[in-house]
Amino acid sequence: MKYDRFVHIILRDGKIKAVLTSRSAALKALQEMRDNAMPALNPEEDFEEHMKRATEETYKWHMEKWAVCKTMST
């Protein structure tokens with residue numbers, strides 16, 4: 001089945017955070033949202049622990065491409 005319209009869904013931990021029609025805008029928004037959600041580096045905290053938490057946060061974010069409109073053939 002062919003589709004000609006798509007939306008890009010940004011999810012964090014299975015919850016929808018944004019829906020965009022442009023792939024480039026969705027990638028930019030995903031990167032910005034992911035960066036804003038990163039844990040702050042505490043000077044007293046072990047750097048390895050901080051990196052572990054940052055990696056866990058990174059894996060919670062992802063983008064999916066969903067079809068919206070099927071191509072019509074006449």
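Accessible areas were computed by the Shrake-Rupley method with a 1.4 Å probe. On that basis, the accessible surface of the chain in this predicted model comes to about 5900 Å², and carbon and sulfur atoms hold 53% of that surface. Of the 74 residues in the chain, 19% are buried.

The chain contains 2 helices and 3 strands, and these elements follow one another from the N terminus in the order β-β-α-α-β. The chain is more spread out than a compact globule, because its radius of gyration is 17 Å, well over the 11 Å that the globule rule gives for 74 residues. The C-alpha trace spans about 65 × 20 × 15 Å along its principal axes. Among contacts with a separation of 6 or more, 57% join residues that lie 24 or more positions apart.

Strand β1 covers residues 3-12, and R5, H8 and R12 illustrate its surroundings. R5 lies in this strand and is exposed, with a relative accessible area of 54%; the cut-off for the exposed class is over 50%. When neighbours within four places in sequence are left aside, R5 is in contact with W66, A67, V68 and C69. The C-alpha atom of R5 is separated by 49 Å from that of E44, a residue 39 positions away along the chain.

H8 also belongs to strand β1. Its relative accessibility is 7%, so H8 counts as buried, the limit for that class being under 20%. Leaving aside neighbours within four places in sequence, the contacts of H8 include A18, V19, L20, T21 and S22. R23 and A26 are also among the residues in contact with H8, as are M63, E64 and K65.

The structure holds 2 salt bridges. In one of them, R12 pairs with E57, and the closest N and O atoms are 2.9 Å apart. This pair links distant parts of the chain, since R12 is in strand β1 and E57 is in helix α2 (residues 47-60), 45 residues apart. R12 is partly exposed, with a relative accessible area of 23%, whereas E57 counts as buried at 9% relative accessibility. A salt bridge is also formed between E45 and R53, with the closest N and O atoms 3.1 Å apart. R53 has a relative accessibility of 31% and therefore counts as partly exposed.

R34, in helix α1 (residues 23-36), is buried yet has no salt bridge. The nearest side chain of opposite charge is that of D35, at 6.4 Å; a salt bridge requires a side-chain nitrogen of Lys or Arg within 4 Å of a carboxyl oxygen of Asp or Glu, so this pair does not qualify. Apart from neighbours within four places in sequence, R34 is in contact with T58 and W61.

The backbone at D13 has a positive phi of about 55°, although D13 is not a glycine. This residue is found in the loop between β1 and β2 (15-20) and is exposed, with a relative accessible area of 51%.

A nonpolar surface patch of about 290 Å² is made by I16, V19 and W66. W66 is situated in strand β3 (residues 61-70) and counts as partly exposed, with a relative accessibility of 40%. Patch membership calls for over 30% relative accessible area, and the value of 40% for W66 meets that condition. Two members of the patch also appear in the contact lists of strand β1: W66 is in contact with R5, and V19 is in contact with H8.

In helix α2, M51 counts as partly exposed at 38% relative accessibility. The C-alpha atoms of M51 and L41 are 9.1 Å apart, with a sequence separation of 10 residues. Helix α2 also contains E57, the buried partner of R12.

Note on methods
Residues are numbered from 1 along each chain as its sequence is written. This is a predicted model: local features need pLDDT of at least 70, side-chain atom pairs count only at pLDDT 80 or more; totals for chains, interfaces and linings use all residues. Side-chain values use heavy atoms; hydrogens and water are left out. Patches are made of residues with over 30% relative accessible area and no salt bridge: like charges are joined within 9 Å, nonpolar side chains (Val, Leu, Ile, Met, Phe, Trp, Tyr) within 5 Å. Helices (H or I, at least four residues) and strands (E, at least two) are DSSP runs, numbered from the N terminus. Buried means under 20% relative accessible area, exposed over 50%, partly exposed in between (1.4 Å probe, protein chains only). The radius of gyration is taken over C-alpha atoms; the globule rule is 2.2 Å times the number of residues to the power 0.38. Contact means heavy atoms within 4.5 Å. Lys and Arg count as positive and Asp and Glu as negative; His and the chain ends are not counted.
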